[in-house]
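These are my notebook entries from a session of looking things up in one structure. I wanted to follow a few elements from their ends to their surroundings and write down what I found.

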Amino acid sequence: MQDPTRYRVTLGLEEEVFVLEDGRLTPTLQSLDYLRRLYWKNPKRYSRHTASNFAKGKDRQECFMGSIEMATSVHESAESLIEDLVSRRTEFARATQGGVVVPVGSLFTLNSPSNTASSHIHVGVPKSERDRVYDNLAYFAPVLAVASASSPWLAGKPFGSSARMAQKGLLGPLQSDKEYRFQDLIISKRLGTIELRVLDPIAEIWRLREVLGATLAIAKCDEALPFDRDEYNVARSEWANQGLNDFVQKRWMELQSIYPFPIELLEETFGNHLNLVAQQGGVDAAYREADRVWREPTGVELVAKKHNKLRAVTGLAGFYAIRLPYIAYKGYKEWYGKT
């Protein structure tokens, strides 16, 4: 079945989150100031391991500022990646003092397909293995996606498993062109990695550990699994709404021979938990619960503060303007780079 010594597999993670000021349900440009704080702590590292996102098109009418992002280094094990991520979260939590960190796929009060957050897992394999590993990861992507679900509301109302996955904005059905950016799983032109883009942010470290472990095991599997893109695209609209349905259950059972993935991750998602909190205590209570879980391994307590317009200016000047050349370079490589 597997020969882990046949080729090298690496993992990297980009974690996107929303950051809100006390009493607000959407982010502001002050988010850039949190990135400014982080960047100037270690410019060499965070010039390439942070990013800011903004809504696109008509979605800007609801909320202009989007999620902000930090990334890990490249690792060969789930444990070393998680150790790296906890360090990054700790530094990020210190930099965002004054903000509530909300690791959800989409904000509960919005209906904005382009204003989302996610956990992107980058899988590095030799080029000779890339297409086969891509198909294998796509075969089990519904299981990993449902396990990550953390956006159970849309436009102020309960929705289902993941409103972000169900809306076709920055992701969606798989295309024949594996390098096309706006789909669930891509081959990154910039990095040459296989990038799982479908996952919602995963706040719980124990849950992320299992998702990473399964991803690594799938990437090391020597078989060519019977992936069918059309079948995937037909099924995705149902599991994005329903979560653990018959299709996902079947895929989960097949995954067990490769990795012992706990069924509890599909039966009880973080989104299920946040939905209950929101229905009982309101959206703000759900956001604070998400913040608590996200920062739990960091030991950095929340000190929420009100919005300060001046910090939007310092963020634009001290982070965004300085990084414009790299942002332009990164965008060019993502669209026109060679894999």
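**Entry 1, cysteines.** I began with the cysteines of this model, which is a predicted one. Cys63 counts as buried because its relative accessibility is 4%, under the 20% cut-off. For Cys221 I found 1% relative accessibility, and so this cysteine counts as buried too. I then looked for disulfides, taking a pair of cysteine sulfur atoms within 2.5 Å as the criterion, and the count came to 0.

**Entry 2, helix α8.** I turned next to α8, which covers residues 246-255, and noted that Phe247, Val248, Arg251, Trp252 and Leu255 are buried there. Looking down the axis of α8, I found these buried residues within an arc of 135°, so they line one face of the helix. An α-helix has 3.6 residues a turn, so residues three or four places apart point the same way. On the other side of α8 I noted Asp246 and Met253, which are exposed.

What covers the buried residues of α8? I found that the cover includes α4 (130-148), α6 (205-220), α7 (229-242) and α9 (264-267). At the N-terminal end of α8 I recorded a cap by Asn245, with a side-chain oxygen 3.2 Å from the backbone nitrogen of Phe247.

**Entry 3, strand β5.** I then went to β5, residues 119-124, where 6 of the 6 residues are buried, so this strand is largely enclosed by the rest of the structure. Ser119, Ile121 and Val123 point one way from β5, whereas His120, His122 and Gly124 point the other way, and all of them are buried. In a regular strand the side chains alternate between the two faces of the sheet.

Which strands pair with β5? I found β1 (residues 10-21) pairing with β5 in the antiparallel sense over 6 bridges, and within this pairing Thr10 stands opposite Gly124. Strand β9 (residues 194-196) also pairs with β5 in the antiparallel sense, over 3 bridges, and here the bridge partner of Val123 is Ile194.

**Entry 4, the nonpolar core.** The largest nonpolar core has 99 residues, and I listed Phe92, Phe108, Ile121, Val123, Trp239, Phe261 and Leu266 as those with the most contacts inside it. The element that gives the most to this core is α4, with 12 residues. I followed Leu266 further and, leaving aside residues up to four places away in sequence, found that it touches Val143, Val146, Ala147, Leu244, Val248, Trp252 and Phe261. Among these contacts of Leu266 are Val248 and Trp252, which I had already entered as buried residues of α8.

**Entry 5, Glu129.** I looked up Glu129, which lies in the loop between β5 and α4. Is Glu129 buried or exposed? Its relative accessibility is 11%, under the 20% cut-off, and so Glu129 counts as buried. Its side chain makes a polar contact of 3.1 Å with the side chain of Arg6, and, not counting residues up to four places away in sequence, Glu129 touches Arg6 and Tyr7.

**Entry 6, Ala155.** My last entry concerns Ala155, in the loop between β6 (153-154) and β7 (157-158). I noted a positive phi of about 55° for Ala155, although this residue is not a glycine. Most residues other than glycine have a negative phi. At 42% relative accessibility, which falls between the 20% and 50% cut-offs, Ala155 counts as partly exposed.

Definitions and conventions: Residues are numbered from 1 along each chain as its sequence is written. This is a predicted model: local features need pLDDT of at least 70, side-chain atom pairs count only at pLDDT 80 or more; totals for chains, interfaces and linings use all residues. Side-chain values use heavy atoms; hydrogens and water are left out. Buried means under 20% relative accessible area, exposed over 50%, partly exposed in between (1.4 Å probe, protein chains only). Helices (H or I, at least four residues) and strands (E, at least two) are DSSP runs, numbered from the N terminus. The arc is that of the directions from the helix axis to the C-beta atoms. Contact means heavy atoms within 4.5 Å. A polar contact is a pair of N or O atoms within 3.5 Å; within protein, one must be able to donate a hydrogen and the other to accept it, and residues adjacent in sequence count only if both atoms are side-chain atoms. Two strands pair if DSSP finds at least two bridges between them. A nonpolar core is a set of buried Ala, Val, Leu, Ile, Met, Phe, Trp, Tyr and Cys residues joined through side-chain atoms within 4.5 Å.
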